[in-house]
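Work through the three exercises below with the sequence and model at hand. Each solution follows its task step by step.

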Amino acid sequence: MGLFNFLNKNNKEKSENKKDKRDKTDIKDKKRFKKLSFKNKKSDNDLIDFASIKKINSDDIKIAKEKRLKNDSRNKDEILNDEAFKDIAKTHNNRNNRIAAVMEIKSQDVLEDLAMDNKDRYVRTIATSRITDPNILEELAYNAKYTDVRQLAFDKLDLEDNVLAEIAKFDKKGKNRLSALREIEDELILMDLCINAKDQKVRLNAIERIENNQILAEILKNSSDKKIVNIIINKENFSDEEILFNIAINNEYDKFIRVEALNKLDYDNNHEIIKEIAFNEENEHVRLAAIEKLEIEENLIDIALNSNDSPSRIKATEKIKNEDILKEIALNDKDKFVRIEALKNINDENIIIETYIYEEDNYVRTEAIKKIDLISNLIDISIKDDDLIVAKSALNKVVSNKENYIGGDDSSDYENYLKKLAVSSKHAEISKLAVKNIETEEILVKISDESIYLDSKLEAISKIKSENILSDIAKTNSNPDIRLNTMKKIKDKEILEDISINGQFNDSRIEAISKLKNQEILVDLAQNDKDSKIREAACKNIFSINVLEDIFNSDEDKYVREVAEKRSRLLKK
């Protein structure tokens with residue numbers, strides 16, 4: 001039988017004996033372990049002092065060993081023999097010799113030295129199996145480098161859950177790790193696995209089996225695994241008010257965990273502490289969560305009016321309904337985002353208009369426009385505001401809500417508002433945009449005459465389809481650009497003839513003449529019109545060579561004669 005088979009056989013027998021004992025005794029009464037347990041076992045309802053969990057570090061081991069060596073009962077020869085055997089166990093090339101040397105060592109401390117970190121698993125496990133001192137076994141259980149030594153030490157101390165924990169943490173096979181985990185019942189050991197096991201499956205399975213709220217809170221403090229945190233926060237039974245309260249106020253916890261704990265607190269039972277956090281907590285994330293839970297408006301108003309912290313004032317303002325207070329905030333808060341938040345909850349348009357009037361920030365004025373519905377107010381803003389973006393924002397709201405401002409098929413009032421804007425706006429772009437949204441031709445005619453912006457006038461002309469109306473503009477409008485663009489849209493023969501004869505302005509008449517084919521009218525204009533420019537224009541479209549020669553011989557204006565001559569020569573070709 002091999003050495004490890006021998007050790008495993010002994011361990012198996014001991015395990016079976018312990019199982020028999022557990023069948024006869026309450027398991028909870030049997031449980032005891034040192035690294036993750038208390039000096040006195042606590043019930044779930046008792047307060048757990050995690051600082052009292054026994055931990056053994058290298059300094060503890062050194063001090064304990066020094067005390068034991070002072071009381072060493074070995075003689076000189078035994079000490080020398082142990083050191084010699086220790087050297088062989090550590091350095092000899094032959095494993096059998098190393099094992100034999102371990103078997104000869106008498107000192108428990110020397111055996112501990114070999115067990116603590118020896119690379120040869122036979123040497124370290126045999127050394128551990130020969131140790132009987134419970135204090136040394138504790139030191140190995142919590143500090144040995146290799147898990148096989150720790151498992152043996154825990155087993156010799158009758159700490160079966162700790163043995164299973166070692167397997168759950170370090171066994172190479174995931175199946176074995178999970179199987180060992182399922183056998184563990186002590187929640188403090190499960191806590192250790194949640195925090196320290198490398199295998200996430202082990203951690204997640206461990207957390208599902210923990211119910212003690214204090215232990216769950218301790219894991220929240222120490223675990224960096226977001227899945228573990230989410231599972232704990234969402235556990236229905238994680239609801240102990242005192243524990244949640246302690247997490248919420250304790251900056252040792254991550255801010256997101258603190259917020260989750262705060263959110264689970266019952267407001268009625270904890271409103272004073274929630275208020276305290278809302279007013280004085282240094283962490284912004286937690287402070288804002290507390291403000292969100294506040295229900296007494298007086299507290300919210302206090303924060304909104306007096307806090308030095310802008311995010312806190314914003315969060316408090318979000319929940320305030322009192323419009324007089326909101327008006328005060330909107331008019332006076334130094335932070336524009338707080339003022340904007342106040343505007344969001346104000347429904348009285350008169351208050352919104354007042355804040356708009358006194359507001360200097362363009363962005364805040366734009367936000368105020370979102371709360372204004374009366375078309376007269378929006379048009380007034382679009383006309384008068386010096387900032388193009390603000391003015392455009394007001395116009396866009398008028399346009400996008402057109403259906404709210406027109407009654408049935410009658411859009412005249414709506415378009416008259418737009419006409420007012422097109423004529424009076426401080427911004428050419430706003431004026432033109434207003435015109436784009438007008439369809440009534442009578443209004444477009446007025447804009448083409450009254451607007452101070454040429455682009456708006458031309459936009460109005462481009463939208464007029466009636467050639468009779470265009471004819472009136474072409475004949476009477478004093479702006480040559482307007483007349484020219486108007487004439488380009490006129491195709492009707494009779495209207496063109498009328499303009500060529502009766503138009504007040506040469507440019508309109510000449511444009512009309514250039515489109516005429518009526519030779520009778522053209523000849524009459526070429527021979528009889530008082531304006532030489534009109535006679536020239538008429539000559540260019542005449543087809544009679546005799547008429548042209550007659551004009552060449554008789555017209556008093558040399559330019560008219562030249563045009564007539566050129567036209568005559570062209571026709572002769």
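**Exercise 1.** Is Ser107 buried or exposed? Then place Ser107 in the chain and list its contacts.

Solution. The model is predicted, so local features need pLDDT of at least 70 and side-chain atom pairs count only at pLDDT 80 or more, while totals for chains, interfaces and linings use all residues. Residues are numbered from 1 along each chain as its sequence is written, and side-chain values use heavy atoms, without hydrogens and water.

Step 1. Ser107 has a relative accessible area of 7% and is therefore buried (under 20%; exposed is over 50%, partly exposed in between; 1.4 Å probe, protein chains only).
Step 2. Ser107 sits in the loop between helix 5 (95-104) and helix 6 (108-117); helices are DSSP runs of H or I, at least four residues, numbered from the N terminus.
Step 3. Its side chain reaches the backbone nitrogen of Val110 at 3.2 Å.
Step 4. Leaving out residues up to four places away in sequence, Ser107 touches Arg74 and Asp82 (heavy atoms within 4.5 Å).

**Exercise 2.** Which residues of helix 30 are buried, and why do they line one face of the helix?

Solution.
Step 1. In helix 30 (residues 428-436), Ile430, Ser431, Ala434 and Val435 are buried.
Step 2. Down the helix axis, these buried residues fall within an arc of 140°, so they line one face; the arc is taken from the directions from the axis to the C-beta atoms.
Step 3. Their cover includes helix 26 (375-384), helix 29 (412-424) and helix 31 (441-450).

**Exercise 3.** Where does Ile357 lie, and is Ile357 buried or exposed?

Solution.
Step 1. Ile357 lies in helix 24 (residues 349-358).
Step 2. With a relative accessible area of 58%, Ile357 is exposed.

Methods
Helix = DSSP H or I, 4+ residues; strand = E, 2+ residues; numbered from the N terminus. Polar contact = N/O pair within 3.5 Å; in protein donor to acceptor, adjacent residues only side chain to side chain.
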